[in-house]
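This report looks at enclosed space in a protein model and then at one of its helices. The sequence and structure come before the details.

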Amino acid sequence: MVELLAPAGNFISLRAVLENGADAVYIGLDGYNMRANANNFTFNDLDKVAKTAGEYGAKTYLCTNTILREDAAAKLKSQLPEIAAAEIDGLILSDIGLIEDTAGHGLEPHISVQENITNSFTLKTLKKLGAKRAILSRELSIDEIKRITEKSPIETEVFIHGAMCMAISGRCFLSYGLYGRSANCGDCLQPCRKNWTLTYEESDDDKVINFSDILDESFVISKSYDDSYRTNFFSPKDMMMIEHIPELVDTGVASFKIEGRARSPDYGAMVTGVYRQAIDRYFENPDDYKVDPSWIERLSEVFNRGFDTGFYFNQPYEISEDNQSKYIKKDIGKVVNYYSKVKVVELKIWDDLALGDKILIQGQTTGSIEHVIESMEIDRKPIERAPKGCNVAVACETKVRENDFVYKLTERD
């Protein structure tokens with residue numbers, strides 16, 4: 001069975017992906033990973049992270065995949081005993097100089113996608129250094145991945161869902177050039193996701209050919225579905241490989257990785273749950289496996305920039321728009337109490353709530369659950385709508401906890 005590896009940016013996300021079937025989780029540590037602007041874990045959190053994952057029989061991998069200068073590398077090396085003592089299973093490394101020390105402390109060295117690994121010769125060298133696994137470059141096709149994995153002496157891992165970078169395996173200088181904030185040190189401000197205007201200067205030496213029907217432009221990026229000209233021409237769509245589980249399994253890779261440590265707990269819960277169902281269904285009966293159309297529908301409900309299949313089938317075919325999810329998530333309340341005997345949650349709400357509304361309840365122990373309001377009461381009297389500012393009792397089969405966050409999902413116009 002292939003490993004399903006899911007992201008966790010905080011304890012709520014951690015619980016959410018574990019509850020939805022992750023075999024392993026990867027987390028970031030302050031100062032050492034490619035999501036410096038996300039909510040990262042600290043050294044003091046590592047014991048709790050490993051213990052929580054252990055409750056589900058899941059492994060934990062710690063991202064240390066930024067460019068490490070001398071002082072940072074020395075500091076990380078000195079902290080390896082603490083990481084090992086916390087019973088973290090492995091480190092995701094972008095610096096091959098720490099492979100030997102990592103393995104020497106009983107930790108699995110996994111080589112980051114930042115290393116841009118594109119052939120089996122590199123994998124054989126990494127094996128000699130002591131690496132256990134390598135995350136292959138995002139720019140490889142599915143056929144290339146299969147050929148490389150067949151020759152590999154170590155485990156391979158690939159991304160199957162989530163954001164794609166405009167640069168090769170994330171090696172981008174756009175953020176640094178514009179803002180002095182380096183993506184390669186985990187501090188990317190994602191200027192590629194902004195709307196851009198393209199201008200040019202006329203020149204007698206201009207050899208750019210105009211293929212558009214707009215006579216006063218020398219260069220057209222692309223057209224949107226409504227024939228307007230796109231302004232997100234640096235920003236790729238999100239990768240989605242849910243329709244290609246059999247082909248991915250056939251490559252022989254050890255782990256399917258979901259991108260998204262900076263995304264919300266409901267994103268992690270939904271994406272992990274969908275891929276868990278797809279993978280399990282395939283292994284239960286490979287010969288009769290079929291893609292469930294509802295999987296794509298569910299993946300579209302959480303944050304996304306539209307979908308394509310990355311480079312798996314040679315090249316991405318379209319650039320992205322803004323968030324394409326169908327729902328807007330609004331903070332509307334918190335959990336006051338949960339009454340297990342009657343399976344009712346008491347909510348304090350600061351926005352109206354009605355029968356049929358879809359809500360998210362999220363917390364460090366709860367994770368992220370989605371619930372449709374089917375029954376509500378105030379003062380033991382059934383109601384159809386609860387006004388903001390009140391406490392309301394809502395029937396809820398799943399146990400939630402005091403002070404969990406409550407969000408209402410509303411469809412976009």
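## The largest cavity

The largest cavity is lined by L136, S137, R138, L140, I145, V158, F159, M239 and Y312, where lining residues have an atom within 4 Å of a point, and a cavity is a set of points, on a 1 Å grid over the protein atoms alone, where a 1.4 Å probe fits but cannot get out. By class, seven of these lining residues are nonpolar, one is polar and one is charged. About 50 Å³ of space lies in this cavity, a volume being the space filled by probe spheres set on the points, and the count of cavities of 30 Å³ or more comes to one.

## Basis of the values

The model is predicted, and local features need pLDDT of at least 70, side-chain atom pairs count only at pLDDT 80 or more, and totals for chains, interfaces and linings use all residues. Residues are numbered from 1 along each chain as its sequence is written, and side-chain values use heavy atoms, with hydrogens and water left out.

## Helix 6

In helix 6, which spans residues 142–151, I142, I145, I148 and T149 are buried (under 20% relative accessible area, 1.4 Å probe, protein chains only). Seen down the helix axis, these buried residues fall within an arc of 125°, so they line one face of helix 6. On the other side, D143, E150 and K151 are exposed (over 50%). The cover over the buried residues includes helix 5 (120–129), strand 7 (155–162) and helix 8 (245–250).

## The whole protein

Of the 413 residues of the protein, 50% count as buried.

Key:
1 Å grid on protein atoms, 1.4 Å probe; cavity = no way out; pocket = protein on both sides within 12 Å on 5 of 7 lines; lining within 4 Å. Nonpolar A, V, L, I, M, F, W, Y, C, P; charged D, E, K, R; others polar. Helix = DSSP H or I, 4+ residues; strand = E, 2+ residues; numbered from the N terminus. Arc of directions from axis to C-beta. Contact = heavy atoms within 4.5 Å.
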